[in-house]
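Take a first look at the structure below. Keep the sequence beside it as you read.

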Amino acid sequence: MHRLSAVVFIVAAAGLLTTGGSARHAAAEDDLLHIVSRVTYDVRPDLGPLHVSWDVAIENNDPKTQKRNGSLSFYQNLVLPALRGAANVAARSADGQPLDVTLTDSPKGPVTSADVAFDKRLFYHDKYSFTLTYELPASRSDSLLVTPYYVFLPVLASGDEATVTVNSPAD
């Protein structure tokens with residue numbers, strides 16, 4: 001019998017937008033980068049390590065990144081929060097191309113950064129989607145404990161609109 005406890009709290013790096021309809025669309029146009037993320041935590045110790053998956057969609061509304069002759073400005077990466085101890089980190093573009101991911105270790109706490117490099121330049125009015133996945137094997141640090149019998153972790157989300165799903169055993 002596995003016992004599983006999870007304490008859930010959300011850390012939002014760019015804030016959460018939960019308005020509906022036209023207000024959401026107007027706010028999306030005002031954001032330089034409008035980011036929508038769906039984060040899933042599969043907390044199933046009976047099936048292996050904790051698995052985290054981010055599905056991210058970006059819309060570039062930054063007029064300074066219009067294609068012009070001469071100097072160019074564009075976006076080429078996005079930094080997302082990840083749990084310390086992340087293993088088997090991988091990212092793929094919407095069309096399945098592997099993307100480079102660099103983990104940046106922070107000095108303390110359960111959160112580190114995952115810097116995902118795009119496989120193309122993101123100019124004004126461009127849209128881009130990718131998936132970031134990683135596993136969290138047994139781990140113990142400040143505010144983070146993952147064992148086959150007990151899980152205590154922060155649930156992270158980032159973006160203008162974020163949805164978080166935590167899948168766990170019924171018991």
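The report covers confidence, the sheet, the core and the aromatic rings.

## Confidence

This is a predicted model. The chain has an average pLDDT of 80, and 81% of the residues score at least 70. Confidence peaks in strand 6 (residues 98-99), at a mean of 98. Strand 1 (residues 10-12) has the lowest confidence, with a mean of 31.

Residues 1-27 call for care. Their pLDDT stays under 50. The model still gives this stretch 46 contacts beyond four places in sequence. Where pLDDT is low, predicted coordinates should not be read in detail.

## The open sheet

Six strands make up an open sheet. Their order is 6-5-9-3-2-14, and the pairing is mixed. Strand 6 and strand 14 are the edge strands, each pairing on one side only. Strands of a sheet pair through backbone hydrogen bonds, either parallel or antiparallel.

Start with strand 2. Its pairing with strand 3 is antiparallel and spans 10 bridges. One pair of bridge partners here is Ser37 and Val56, the latter in strand 3. Strand 2 also runs parallel to strand 14 (residues 161-167), joined to it by seven bridges. There, Tyr41 stands opposite Val166 of strand 14.

Now go to the other edge. Strand 5 (residues 87-93) and strand 6 run antiparallel, with two bridges between them. Ala91 has Leu99 of strand 6 as its bridge partner.

## The nonpolar core

The largest nonpolar core holds 32 residues. Which of them touch the most other members? They are Tyr41, Trp54, Ile58 and Phe130. Several elements give two or more residues to this core, among them strand 2 (33-42), strand 3 (50-60), strand 8 (111-122) and strand 9 (127-136). In soluble globular proteins, nonpolar side chains tend to be buried together.

Trp54 shows how far such contacts can reach along the sequence. Leaving aside neighbours within four places, its contacts include Ser37, Val39, Leu80, Phe130, Tyr134 and Leu156. Arg38, Pro81 and Ser158 are also among the contacts of Trp54.

## Aromatic rings

How many aromatic pairs are there? The count is four. In one of them, the ring centres of Tyr128 and Phe130 lie 6.4 Å apart with their planes at 40°, so this pair is tilted. Are Tyr128 and Phe130 buried or exposed? Both are buried.

Ring pairs also join Phe118 with Tyr128 and Phe130 in a cluster. Phe130 thus appears twice: in this cluster, and among the core residues that touch the most other members.

Definitions and conventions
Residues numbered from 1 in each chain as written. Heavy atoms only, no water. Core = buried A, V, L, I, M, F, W, Y, C linked by side-chain atoms within 4.5 Å. Buried < 20%, exposed > 50% of the residue type's maximum accessible area, 1.4 Å probe, protein only. Helix = DSSP H or I, 4+ residues; strand = E, 2+ residues; numbered from the N terminus. Contact = heavy atoms within 4.5 Å. Phe/Tyr/Trp six-rings, centres within 6.5 Å; stacked < 30°, edge-to-face > 60°. pLDDT = per-residue confidence, 0-100. Pairing = 2+ DSSP bridges.
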